[in-house]
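Trainee: Could you take one residue, look closely at its surroundings, and then work outward to the rest of the chain? Please give the cut-offs behind each term as you go.

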Amino acid sequence: TTVNYPEEFKGFAISDPSEWSNPKLTSYQPKNFGPRDVDIEIECCGVCASELFTLKNEWSHGELACLSSTYGPKTQCVGHEVVGKVVKLGSEVESGLKLGQRVGLGAQASSCADCSRCKSGNEQYCPKIVTTYASRYEDGYISQGGYASHVRAHENLVFPIPDGIESHLVAPLQCGGLTVYSPIKRGIEDVLAKGEKPTVGVIGIGGLGHMAIMIAKALGAKVVAFSRSNAKKEDAIKMGADEFVATGSDEGWEKKLFDQFDLMLNCASSTTSLPLDGLLSTLKVNRQFVSVGLPHIDEKFDVNPFTFFSNGSTIGSSCLGSKQEAIELFDLAVKHNFSPWVETIKVGEEGVSEALTRLDKGDVRYRFTLVGFNEFFGT
Ligand code: NDP
Ligand code: ZN
(Lines give C-alpha, C1' and ligand atoms only; values in the text may rest on other atoms or scores of the structure.)
(Ligands and ions follow the chains in the order given, each with its own letter.)
Protein backbone atom coordinates (compact mmCIF):
# COMPACT_ATOMS: atom_id res chain seq x y z
CA THR A 1 0.00 0.00 0.00
CA THR A 2 1.43 3.37 -0.96
CA VAL A 3 -0.22 6.62 -0.03
CA ASN A 4 -0.39 9.58 -2.37
CA TYR A 5 0.09 11.99 0.55
CA PRO A 6 -0.65 14.94 0.97
CA GLU A 7 -3.33 14.91 -1.75
CA GLU A 8 -4.78 11.69 -0.39
CA PHE A 9 -4.98 9.77 2.86
CA LYS A 10 -5.69 6.08 3.10
CA GLY A 11 -7.90 4.57 5.78
CA PHE A 12 -10.41 1.87 6.65
CA ALA A 13 -13.92 3.09 5.98
CA ILE A 14 -17.55 2.10 5.57
CA SER A 15 -20.38 3.58 3.52
CA ASP A 16 -23.25 1.81 5.26
CA PRO A 17 -23.79 0.84 8.93
CA SER A 18 -24.29 -2.80 7.89
CA GLU A 19 -20.55 -2.83 7.09
CA TRP A 20 -19.59 -1.76 10.66
CA SER A 21 -17.40 -4.78 11.36
CA ASN A 22 -15.65 -4.79 7.97
CA PRO A 23 -14.25 -1.37 7.06
CA LYS A 24 -12.43 -1.51 3.72
CA LEU A 25 -9.16 0.11 2.73
CA THR A 26 -10.02 3.35 0.90
CA SER A 27 -8.26 6.46 -0.43
CA TYR A 28 -9.83 9.80 0.24
CA GLN A 29 -9.31 13.52 0.01
CA PRO A 30 -8.43 15.17 3.30
CA LYS A 31 -10.06 18.37 4.50
CA ASN A 32 -8.65 21.56 2.94
CA PHE A 33 -5.46 22.43 4.81
CA GLY A 34 -5.96 25.40 7.16
CA PRO A 35 -3.22 27.77 8.33
CA ARG A 36 -3.26 26.30 11.83
CA ASP A 37 -3.71 22.67 10.77
CA VAL A 38 -1.26 19.90 11.50
CA ASP A 39 -0.89 16.62 9.63
CA ILE A 40 0.01 13.56 11.65
CA GLU A 41 1.51 10.46 10.02
CA ILE A 42 -0.05 7.76 12.16
CA GLU A 43 1.92 5.12 14.03
CA CYS A 44 -0.90 3.50 16.05
CA CYS A 45 -4.49 4.09 17.12
CA GLY A 46 -6.59 2.88 20.04
CA VAL A 47 -10.06 1.40 19.53
CA CYS A 48 -12.90 3.02 21.51
CA ALA A 49 -16.48 1.79 21.91
CA SER A 50 -17.68 5.14 20.56
CA GLU A 51 -16.44 3.94 17.18
CA LEU A 52 -18.89 1.05 17.27
CA PHE A 53 -21.77 3.43 17.95
CA THR A 54 -20.71 5.67 15.06
CA LEU A 55 -20.10 2.84 12.58
CA LYS A 56 -23.41 1.18 13.47
CA ASN A 57 -25.03 4.64 13.44
CA GLU A 58 -26.57 3.98 16.87
CA TRP A 59 -26.23 7.53 18.18
CA SER A 60 -28.44 8.94 15.46
CA HIS A 61 -31.88 8.48 13.94
CA GLY A 62 -30.60 9.89 10.66
CA GLU A 63 -28.18 8.67 8.03
CA LEU A 64 -24.38 8.47 8.30
CA ALA A 65 -22.99 12.02 8.51
CA CYS A 66 -20.45 11.39 5.71
CA LEU A 67 -23.26 11.01 3.16
CA SER A 68 -23.94 14.73 3.43
CA SER A 69 -20.37 15.99 3.07
CA THR A 70 -19.99 18.81 0.52
CA TYR A 71 -16.55 17.57 -0.54
CA GLY A 72 -14.28 14.73 0.42
CA PRO A 73 -15.36 11.13 0.88
CA LYS A 74 -18.90 9.79 1.30
CA THR A 75 -17.36 7.03 3.38
CA GLN A 76 -16.52 7.06 7.08
CA CYS A 77 -13.20 6.21 8.69
CA VAL A 78 -13.15 6.26 12.51
CA GLY A 79 -10.39 6.22 15.15
CA HIS A 80 -9.63 8.85 17.77
CA GLU A 81 -6.77 7.66 19.94
CA VAL A 82 -4.02 8.51 17.49
CA VAL A 83 -0.27 8.62 18.02
CA GLY A 84 2.12 9.57 15.24
CA LYS A 85 4.53 12.22 14.09
CA VAL A 86 4.05 15.69 12.69
CA VAL A 87 4.64 15.74 8.94
CA LYS A 88 3.11 19.08 7.97
CA LEU A 89 2.52 22.34 9.81
CA GLY A 90 0.27 25.20 8.70
CA SER A 91 1.92 28.57 8.11
CA GLU A 92 0.27 30.13 11.18
CA VAL A 93 0.86 27.35 13.69
CA GLU A 94 1.98 29.01 16.90
CA SER A 95 2.08 26.28 19.53
CA GLY A 96 5.71 25.29 18.96
CA LEU A 97 5.02 21.88 17.42
CA LYS A 98 7.96 20.64 15.33
CA LEU A 99 8.15 18.51 12.21
CA GLY A 100 8.96 14.94 13.23
CA GLN A 101 7.70 15.42 16.80
CA ARG A 102 5.72 12.57 18.38
CA VAL A 103 2.20 13.83 19.02
CA GLY A 104 -1.29 12.55 19.60
CA LEU A 105 -4.89 13.32 18.78
CA GLY A 106 -7.93 12.38 20.83
CA ALA A 107 -11.60 12.61 19.99
CA GLN A 108 -11.60 16.32 19.20
CA ALA A 109 -10.01 17.77 16.05
CA SER A 110 -11.02 21.41 16.17
CA SER A 111 -12.53 24.20 18.25
CA CYS A 112 -13.04 27.90 17.54
CA ALA A 113 -10.21 28.84 19.95
CA ASP A 114 -11.99 32.11 20.59
CA CYS A 115 -15.12 31.63 22.72
CA SER A 116 -15.34 31.81 26.51
CA ARG A 117 -15.23 28.01 26.76
CA CYS A 118 -12.15 27.67 24.58
CA LYS A 119 -10.46 30.42 26.57
CA SER A 120 -11.21 28.82 29.94
CA GLY A 121 -9.84 25.33 29.37
CA ASN A 122 -13.20 23.91 28.29
CA GLU A 123 -12.69 23.69 24.53
CA GLN A 124 -14.40 20.28 24.57
CA TYR A 125 -17.64 22.22 25.10
CA CYS A 126 -16.97 24.73 22.30
CA PRO A 127 -20.21 25.18 20.32
CA LYS A 128 -18.12 24.88 17.16
CA ILE A 129 -16.47 21.61 18.23
CA VAL A 130 -15.45 19.28 15.41
CA THR A 131 -14.81 15.78 16.63
CA THR A 132 -12.09 13.67 15.04
CA TYR A 133 -14.49 11.75 12.80
CA ALA A 134 -18.09 11.95 11.56
CA SER A 135 -18.33 15.64 12.41
CA ARG A 136 -18.91 18.64 10.15
CA TYR A 137 -16.36 21.38 9.53
CA GLU A 138 -17.75 24.82 8.64
CA ASP A 139 -16.74 24.22 5.01
CA GLY A 140 -18.92 21.09 4.84
CA TYR A 141 -16.20 18.45 5.07
CA ILE A 142 -17.06 15.52 7.35
CA SER A 143 -14.08 14.66 9.54
CA GLN A 144 -12.21 11.38 9.03
CA GLY A 145 -10.49 9.47 11.81
CA GLY A 146 -7.34 7.64 12.66
CA TYR A 147 -7.67 4.09 11.36
CA ALA A 148 -5.68 5.68 8.57
CA SER A 149 -2.32 6.66 7.20
CA HIS A 150 -2.70 10.29 8.28
CA VAL A 151 -5.05 12.58 10.13
CA ARG A 152 -5.42 16.37 9.90
CA ALA A 153 -6.37 18.49 12.92
CA HIS A 154 -6.17 21.99 14.38
CA GLU A 155 -2.96 22.55 16.34
CA ASN A 156 -4.96 23.41 19.48
CA LEU A 157 -6.10 19.81 19.77
CA VAL A 158 -2.79 18.13 18.94
CA PHE A 159 -1.16 16.81 22.11
CA PRO A 160 2.59 16.82 22.61
CA ILE A 161 3.50 13.44 24.12
CA PRO A 162 6.23 13.20 26.73
CA ASP A 163 8.99 10.61 26.61
CA GLY A 164 8.62 7.81 29.11
CA ILE A 165 5.43 6.24 27.79
CA GLU A 166 5.21 4.00 24.73
CA SER A 167 2.97 4.98 21.82
CA HIS A 168 0.59 2.01 22.01
CA LEU A 169 0.07 2.68 25.72
CA VAL A 170 -0.39 6.44 25.56
CA ALA A 171 -2.85 6.13 22.64
CA PRO A 172 -5.87 5.06 24.79
CA LEU A 173 -5.21 7.80 27.32
CA GLN A 174 -6.19 10.39 24.72
CA CYS A 175 -9.89 9.63 24.44
CA GLY A 176 -10.73 6.98 27.03
CA GLY A 177 -8.26 8.15 29.64
CA LEU A 178 -8.91 11.84 29.21
CA THR A 179 -12.68 11.31 29.29
CA VAL A 180 -12.43 9.82 32.77
CA TYR A 181 -9.57 11.99 34.04
CA SER A 182 -11.51 15.22 33.53
CA PRO A 183 -14.62 14.37 35.60
CA ILE A 184 -12.62 12.53 38.27
CA LYS A 185 -10.28 15.47 38.79
CA ARG A 186 -13.11 18.01 38.71
CA GLY A 187 -15.33 15.79 40.87
CA ILE A 188 -12.94 15.25 43.78
CA GLU A 189 -10.76 18.33 43.88
CA ASP A 190 -12.87 19.94 46.59
CA VAL A 191 -12.40 16.87 48.82
CA LEU A 192 -8.65 16.75 48.15
CA ALA A 193 -8.40 20.48 48.92
CA LYS A 194 -9.77 19.76 52.42
CA GLY A 195 -6.97 17.27 52.93
CA GLU A 196 -9.41 14.34 52.91
CA LYS A 197 -9.28 11.11 50.93
CA PRO A 198 -12.14 10.95 48.43
CA THR A 199 -13.97 7.73 47.57
CA VAL A 200 -14.79 7.15 43.92
CA GLY A 201 -17.04 4.48 42.42
CA VAL A 202 -16.22 3.34 38.88
CA ILE A 203 -19.02 1.54 37.06
CA GLY A 204 -18.38 -0.61 33.97
CA ILE A 205 -14.86 -2.01 33.81
CA GLY A 206 -14.10 -1.74 30.11
CA GLY A 207 -11.66 0.53 28.29
CA LEU A 208 -12.68 3.72 30.09
CA GLY A 209 -13.48 2.07 33.42
CA HIS A 210 -10.16 0.30 33.80
CA MET A 211 -8.29 3.54 33.16
CA ALA A 212 -10.61 5.33 35.62
CA ILE A 213 -9.53 2.94 38.40
CA MET A 214 -5.84 3.71 37.83
CA ILE A 215 -6.39 7.44 37.40
CA ALA A 216 -8.58 7.85 40.50
CA LYS A 217 -5.97 5.91 42.51
CA ALA A 218 -3.14 8.08 41.20
CA LEU A 219 -5.12 11.19 42.15
CA GLY A 220 -5.32 9.88 45.72
CA ALA A 221 -8.80 8.37 45.93
CA LYS A 222 -10.11 5.16 47.40
CA VAL A 223 -11.72 3.26 44.51
CA VAL A 224 -14.61 0.83 44.41
CA ALA A 225 -15.13 -0.95 41.07
CA PHE A 226 -18.64 -1.97 39.99
CA SER A 227 -19.06 -4.61 37.32
CA ARG A 228 -22.02 -6.74 36.30
CA SER A 229 -20.35 -10.01 37.32
CA ASN A 230 -17.30 -11.25 39.22
CA ALA A 231 -15.36 -12.05 36.02
CA LYS A 232 -13.16 -8.93 36.24
CA LYS A 233 -12.69 -8.93 40.03
CA GLU A 234 -9.06 -10.07 40.12
CA ASP A 235 -8.09 -7.70 37.33
CA ALA A 236 -9.80 -4.73 38.95
CA ILE A 237 -7.95 -5.32 42.22
CA LYS A 238 -4.67 -5.54 40.25
CA MET A 239 -5.49 -2.22 38.60
CA GLY A 240 -5.74 -0.72 42.06
CA ALA A 241 -9.38 -0.99 43.09
CA ASP A 242 -9.75 -1.23 46.89
CA GLU A 243 -13.10 -3.01 46.67
CA PHE A 244 -15.14 -4.74 44.00
CA VAL A 245 -18.90 -5.14 43.64
CA ALA A 246 -20.62 -7.49 41.21
CA THR A 247 -23.94 -5.70 40.83
CA GLY A 248 -25.59 -8.70 39.17
CA SER A 249 -24.82 -11.23 41.91
CA ASP A 250 -23.69 -9.57 45.18
CA GLU A 251 -26.46 -8.95 47.70
CA GLY A 252 -26.94 -5.93 49.92
CA TRP A 253 -24.11 -3.79 48.54
CA GLU A 254 -26.35 -0.70 48.46
CA LYS A 255 -26.72 -0.88 52.25
CA LYS A 256 -23.11 -1.81 52.92
CA LEU A 257 -21.84 1.11 50.84
CA PHE A 258 -24.44 3.64 52.08
CA ASP A 259 -23.02 7.20 52.27
CA GLN A 260 -19.59 6.20 50.95
CA PHE A 261 -19.07 8.03 47.69
CA ASP A 262 -17.85 11.50 46.80
CA LEU A 263 -18.18 10.67 43.10
CA MET A 264 -19.73 7.92 41.02
CA LEU A 265 -18.37 7.65 37.49
CA ASN A 266 -20.40 5.56 35.08
CA CYS A 267 -18.34 4.14 32.22
CA ALA A 268 -20.88 1.55 31.04
CA SER A 269 -21.80 1.60 27.35
CA SER A 270 -25.40 0.58 28.01
CA THR A 271 -28.05 1.27 30.64
CA THR A 272 -29.80 -2.09 30.34
CA SER A 273 -28.01 -3.57 33.38
CA LEU A 274 -27.41 -0.43 35.39
CA PRO A 275 -28.95 -0.48 38.90
CA LEU A 276 -29.17 3.30 39.08
CA ASP A 277 -31.26 3.67 42.23
CA GLY A 278 -28.84 1.50 44.17
CA LEU A 279 -25.76 3.22 42.80
CA LEU A 280 -27.12 6.73 43.46
CA SER A 281 -28.14 5.80 47.01
CA THR A 282 -24.48 5.19 47.93
CA LEU A 283 -23.49 8.82 47.28
CA LYS A 284 -22.81 11.20 50.15
CA VAL A 285 -25.06 14.27 50.42
CA ASN A 286 -25.10 16.59 47.38
CA ARG A 287 -22.58 14.57 45.40
CA GLN A 288 -22.68 13.69 41.72
CA PHE A 289 -23.18 10.67 39.51
CA VAL A 290 -21.36 11.43 36.25
CA SER A 291 -22.11 9.24 33.28
CA VAL A 292 -19.46 9.35 30.59
CA GLY A 293 -20.98 6.19 29.12
CA LEU A 294 -23.13 7.04 26.12
CA PRO A 295 -25.53 4.25 25.12
CA HIS A 296 -27.63 3.57 22.03
CA ILE A 297 -29.73 6.67 21.31
CA ASP A 298 -32.98 4.98 22.30
CA GLU A 299 -31.81 3.87 25.75
CA LYS A 300 -32.90 5.86 28.81
CA PHE A 301 -31.94 6.14 32.47
CA ASP A 302 -34.42 4.35 34.69
CA VAL A 303 -34.39 6.06 38.08
CA ASN A 304 -36.84 6.89 40.83
CA PRO A 305 -37.07 10.63 41.75
CA PHE A 306 -37.14 9.71 45.46
CA THR A 307 -33.60 8.38 45.11
CA PHE A 308 -32.32 11.92 44.52
CA PHE A 309 -34.59 13.19 47.31
CA SER A 310 -32.86 10.93 49.85
CA ASN A 311 -29.36 12.42 49.49
CA GLY A 312 -29.60 15.46 47.24
CA SER A 313 -27.54 13.68 44.63
CA THR A 314 -27.44 14.76 41.01
CA ILE A 315 -26.90 12.99 37.76
CA GLY A 316 -24.96 14.40 34.82
CA SER A 317 -22.42 13.76 32.14
CA SER A 318 -19.05 14.91 30.93
CA CYS A 319 -17.52 15.29 27.48
CA LEU A 320 -13.89 14.33 26.76
CA GLY A 321 -11.42 16.67 28.48
CA SER A 322 -9.31 19.70 27.61
CA LYS A 323 -5.85 19.68 26.06
CA GLN A 324 -4.47 20.99 29.36
CA GLU A 325 -6.04 18.02 31.13
CA ALA A 326 -4.56 15.63 28.56
CA ILE A 327 -1.10 17.00 29.27
CA GLU A 328 -1.72 16.65 33.02
CA LEU A 329 -2.87 13.08 32.52
CA PHE A 330 0.24 12.09 30.53
CA ASP A 331 2.39 13.55 33.31
CA LEU A 332 0.37 11.71 35.96
CA ALA A 333 0.80 8.41 34.09
CA VAL A 334 4.55 8.89 33.79
CA LYS A 335 4.92 10.03 37.40
CA HIS A 336 2.78 7.23 38.86
CA ASN A 337 4.01 4.70 36.34
CA PHE A 338 0.62 3.40 35.24
CA SER A 339 -0.61 2.68 31.75
CA PRO A 340 -3.67 1.10 30.17
CA TRP A 341 -3.83 -2.67 29.77
CA VAL A 342 -3.44 -2.94 26.04
CA GLU A 343 -3.66 -5.78 23.56
CA THR A 344 -2.07 -4.76 20.27
CA ILE A 345 -3.52 -5.86 16.92
CA LYS A 346 -1.79 -5.33 13.57
CA VAL A 347 -3.62 -2.84 11.40
CA GLY A 348 -5.16 -4.05 8.14
CA GLU A 349 -8.70 -4.97 7.09
CA GLU A 350 -8.43 -8.16 9.10
CA GLY A 351 -7.03 -6.49 12.21
CA VAL A 352 -9.58 -3.66 12.18
CA SER A 353 -12.39 -6.19 11.80
CA GLU A 354 -11.05 -8.33 14.64
CA ALA A 355 -10.73 -5.35 16.99
CA LEU A 356 -14.26 -4.07 16.29
CA THR A 357 -15.86 -7.51 16.46
CA ARG A 358 -14.18 -8.45 19.72
CA LEU A 359 -14.85 -5.06 21.33
CA ASP A 360 -18.51 -5.43 20.37
CA LYS A 361 -18.61 -8.78 22.20
CA GLY A 362 -16.86 -7.38 25.27
CA ASP A 363 -13.92 -9.67 24.48
CA VAL A 364 -11.22 -7.16 25.37
CA ARG A 365 -8.89 -6.86 28.38
CA TYR A 366 -9.08 -3.86 28.37
CA ARG A 367 -8.19 -1.80 25.28
CA PHE A 368 -7.06 -2.62 21.76
CA THR A 369 -4.44 -0.52 20.06
CA LEU A 370 -4.03 -1.02 16.32
CA VAL A 371 -0.31 -0.94 15.52
CA GLY A 372 2.08 -1.29 12.58
CA PHE A 373 0.69 1.63 10.57
CA ASN A 374 4.03 2.71 9.06
CA GLU A 375 4.70 -0.80 7.87
CA PHE A 376 1.20 -1.22 6.46
CA PHE A 377 0.94 2.14 4.70
CA GLY A 378 4.59 2.30 3.69
CA THR A 379 4.97 5.67 5.41
P1 NDP B 1 -16.07 -0.89 26.56
O2 NDP B 1 -16.91 -1.72 25.68
O3 NDP B 1 -14.61 -1.14 26.61
O4 NDP B 1 -16.61 -0.98 28.05
C5 NDP B 1 -17.96 -0.79 28.35
C6 NDP B 1 -18.31 -1.50 29.66
O7 NDP B 1 -19.70 -1.26 29.90
C8 NDP B 1 -18.18 -3.01 29.62
O9 NDP B 1 -16.87 -3.44 29.89
C10 NDP B 1 -19.15 -3.44 30.69
O11 NDP B 1 -18.53 -3.40 31.98
C12 NDP B 1 -20.22 -2.35 30.65
N13 NDP B 1 -21.44 -2.81 29.96
C14 NDP B 1 -21.53 -3.39 28.74
N15 NDP B 1 -22.81 -3.70 28.44
C16 NDP B 1 -23.56 -3.30 29.50
C17 NDP B 1 -24.95 -3.34 29.81
N18 NDP B 1 -25.84 -3.87 28.96
N19 NDP B 1 -25.35 -2.81 30.98
C20 NDP B 1 -24.47 -2.28 31.86
N21 NDP B 1 -23.14 -2.24 31.63
C22 NDP B 1 -22.69 -2.73 30.48
O23 NDP B 1 -16.36 0.62 26.12
P24 NDP B 1 -15.45 1.95 26.33
O25 NDP B 1 -14.85 1.92 27.66
O26 NDP B 1 -14.61 2.15 25.13
O27 NDP B 1 -16.59 3.08 26.27
C28 NDP B 1 -17.54 3.17 27.33
C29 NDP B 1 -18.60 4.20 27.02
O30 NDP B 1 -18.05 5.52 27.08
C31 NDP B 1 -19.21 4.08 25.63
O32 NDP B 1 -20.59 4.34 25.73
C33 NDP B 1 -18.52 5.18 24.87
O34 NDP B 1 -19.22 5.62 23.76
C35 NDP B 1 -18.45 6.25 25.93
N36 NDP B 1 -17.49 7.33 25.71
C37 NDP B 1 -17.88 8.58 26.10
C38 NDP B 1 -17.03 9.65 25.97
C39 NDP B 1 -17.44 10.97 26.51
O40 NDP B 1 -16.84 12.00 26.15
N41 NDP B 1 -18.40 11.04 27.38
C42 NDP B 1 -15.72 9.49 25.33
C43 NDP B 1 -15.37 8.12 25.04
C44 NDP B 1 -16.25 7.09 25.20
P45 NDP B 1 -18.69 -4.63 33.04
O46 NDP B 1 -18.37 -5.87 32.25
O47 NDP B 1 -17.66 -4.30 34.07
O48 NDP B 1 -20.08 -4.60 33.56
ZN1 ZN C 1 -13.36 7.37 22.38
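Mentor: With 19 C-beta neighbours inside 10 Å, Val191 counts as partly exposed, since a residue is buried if 20 or more other C-beta atoms lie within 10 Å of its own, exposed if 12 or fewer, and partly exposed in between, with C-beta atoms placed from the backbone. This is a predicted model, in which local features need pLDDT of at least 70, side-chain atom pairs count only at pLDDT 80 or more, and totals for chains, interfaces and linings use all residues. Residues are numbered from 1 along each chain as its sequence is written, while chains are lettered from A and ligands numbered from 1 in the order in which they are written. The chain averages a pLDDT of 97, and 100% of the residues score at least 70; pLDDT is the predictor's confidence in each residue, from 0 to 100. For the complex, the predictor gives an ipTM of 0.99 and a pTM of 0.98.

Val191 belongs to helix 3; helices (H or I, at least four residues) and strands (E, at least two) are DSSP runs, numbered from the N terminus. Not counting residues up to four places away in sequence, Val191 touches Glu196, Pro198 and Asp262, where contact requires C-beta atoms, placed from the backbone, within 7 Å. Of these partners, Asp262 is 71 residues from Val191 in sequence, yet the C-alpha atoms are 7.9 Å apart.

Helix 3 (176–193) also leads to the ligand: together with helix 1 (49–55) and helix 4 (207–218), each supplying at least two residues, helix 3 contributes to the shell around ligand 1. Helix 1 gives the most, with three residues. The shell has 32 residues, of which Ala49, Gly206, Gly207, Ser227 and Ser270 come nearest; a residue is near a molecule if its C-beta atom, placed from the backbone, lies within 6 Å of it. By class, the shell holds 16 nonpolar, 14 polar and two charged residues. Here Ala, Val, Leu, Ile, Met, Phe, Trp, Tyr, Cys and Pro count as nonpolar, Asp, Glu, Lys and Arg as charged, and the others, Gly among them, as polar.

The wider setting is the division into domain 1 (9–175 + 341–377) and domain 2 (176–317), with bounds from an automatic or database domain assignment. The contact between these domains takes 17 residues from domain 1 and 13 residues from domain 2. On the side of domain 1 that touches domain 2, eight residues are nonpolar, five polar and four charged. The centres of the two domains, taken over C-alpha atoms, are separated by 28 Å. Because both domains give residues to the shell around ligand 1, it lies between them.

The largest nonpolar core follows a similar theme. Its 105 residues include Val202, Ala212 and Leu265, which touch the most other members; such a core is a set of buried Ala, Val, Leu, Ile, Met, Phe, Trp, Tyr and Cys residues joined through C-beta atoms within 7 Å. Helix 4 provides the largest share of this core, seven residues. Both domain 1 and domain 2 give residues to the core, so it lies between them. Leaving aside neighbours within four places in sequence, Leu265 is in contact with ten-residue-wide surroundings that include Val180, Pro183, Ile184, Val202 and Ala212.

Notes: Contact = placed C-beta atoms within 7 Å.
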